[in-house]
Amino acid sequence: MENLAHLGAGLAIGFGATGAGLGIGIATKGLMDAISRQPEVAGKAVGFFLVGAALAEACALYAFVIAFQLLAK
Amino acid sequence: MEHWLYTFHLMDKSFTVNLDTLITMWFAMLCIIGFSFIATRKLEIIPTKLQVCCESILKLIWGLMDSMMPSDNRKHVPLIASLFLFILFANLMGQLPLRIIHIKEGELASPTNDINMTAAMAVIVLVYYVVAGIIKKKEKFLLKDFSFVSIIMMFVDLLEMITRPLSLAIRLFANIFAGEVLVSIALAATAYFLPLPVMLFEILVAFIQATVFMMLTMAYIGGATGEEH
């Protein structure tokens, strides 16, 4: 049973990180598009990008909390 | 990662508090109180350096509020600014070498790596935005009229009252907690050089998470008190 908990922890963090990685990748693409189209908004866009990236990263961290709970059993 | 649990009995019930979180929380609060006291002692028209620093923090918060909330938003400054300052100080405290002070169990790290702390702040935000919305819109807070769409939106709003504090609490907690786990893993791999860039990244994360918590609070209060839903 303990081995299955370890497997579940690995699966949880793996899938969670996939989604967060996709999200941050798309956000970075949007930032690059915006900066290359309008270089003067770079400062403002980076601020919004950081907040958005933090929101996307939070999803991976929910998975991390679940994985940690599974491992702590 | 372990907390220093202390159990006491009051009126036939047992309560457990995390003493290390309490100690570091009061330390962060003392830092903020001391900083604000020193900064506001002698206010002048031509500001000193510290006063310029504080005014720029307030200007930053005002600028964000004007872009995210409807007009008449200055009365929400106390809650939002104190949440921002407290979370910032609390997150940054995790990078101080407080762990060399040995306590009975656990370690002195940032207080936001305890989910009780972040959940309490999230519940404060929930109560605040619900009460602010009720004061502003009176009986029309949840249900604007009795059309079909309004009734569906009421259930969505009720659902959001559960998910919003949950996500606020877990986001802040998990970021700080994951940072500490990351630093300890890096410390176990190579003791001297690998943790340093990770800790620099954690300082960035501390600022971003404080900003995210503040901006989400602003968005919730703005959504509850604004005209449109």
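How many residue pairs are in polar contact between chain B and chain A, counting pairs with both at pLDDT 80 or more? The count is zero. Keep in mind as you look through these views that the model is predicted.

**View 1. Where chain B meets chain A.** On one side of this meeting place are 15 residues of chain B, in contact with eleven residues of chain A. Together the two chains bury about 1200 Å², and 83% of that area lies on carbon and sulfur atoms. On the chain B side, look for B:Arg171, B:Phe177 and B:Ile208, which lose the most area to chain A and together make up 30% of what that side buries. Just as there are zero residue pairs in polar contact (both at pLDDT 80 or more), the rule finds zero salt bridges across this interface.

**View 2. The helices of chain B that face chain A.** Two helices of chain B, H5 (148-189) and H6 (195-225), each supply at least two residues of the side that touches chain A. Helix H5(B) gives the most to that side, with nine residues. What kinds of residues make up the side of chain B that touches chain A? Sorting them gives eleven nonpolar, three polar and one charged.

**View 3. B:Asn113 and its neighbours.** Follow chain B into the loop between helix H3 (77-93) and helix H4 (115-137), and you will find B:Asn113 there. Is B:Asn113 buried or exposed? Its relative accessible area is 10%, so B:Asn113 counts as buried. Leaving aside residues up to four places away in sequence, B:Asn113 touches B:His3, B:Phe173, B:Ile176, B:Phe177 and B:Glu180. Take a moment with B:Ile176: this residue and B:Asn113 are 63 residues apart along the chain, yet 5.5 Å separates their C-alpha atoms. You have met another of these neighbours already, as B:Phe177 is one of the residues that lose the most area to chain A.

**View 4. Two cysteines without a bond.** Here are B:Cys53 and B:Cys54, and the closest cysteine sulfur to that of B:Cys53 is the one in B:Cys54. Why is there no bond between them? The two sulfurs are 5.3 Å apart, which is too far, because a disulfide needs the sulfur atoms within 2.5 Å. Looking from the other partner, B:Cys54 is in no disulfide either, and its nearest cysteine sulfur is that of B:Cys53. Over all chains, the count of disulfides comes to zero. As for accessibility, B:Cys53 is partly exposed at 33%, and B:Cys54 is partly exposed too, with a relative accessible area of 23%.

Methods. Residues are numbered from 1 along each chain as its sequence is written. Chains are lettered from A and ligands numbered from 1 in the order in which they are written. This is a predicted model: local features need pLDDT of at least 70, side-chain atom pairs count only at pLDDT 80 or more; totals for chains, interfaces and linings use all residues. Side-chain values use heavy atoms; hydrogens and water are left out. Contact means heavy atoms within 4.5 Å. Buried area is the accessible area (1.4 Å probe) that two parts lose on being put together, summed over both. A salt bridge is a side-chain nitrogen of Lys or Arg within 4 Å of a carboxyl oxygen of Asp or Glu. A polar contact is a pair of N or O atoms within 3.5 Å; within protein, one must be able to donate a hydrogen and the other to accept it, and residues adjacent in sequence count only if both atoms are side-chain atoms. Helices (H or I, at least four residues) and strands (E, at least two) are DSSP runs, numbered from the N terminus. Ala, Val, Leu, Ile, Met, Phe, Trp, Tyr, Cys and Pro count as nonpolar, Asp, Glu, Lys and Arg as charged, and the others, Gly among them, as polar. Buried means under 20% relative accessible area, exposed over 50%, partly exposed in between (1.4 Å probe, protein chains only).
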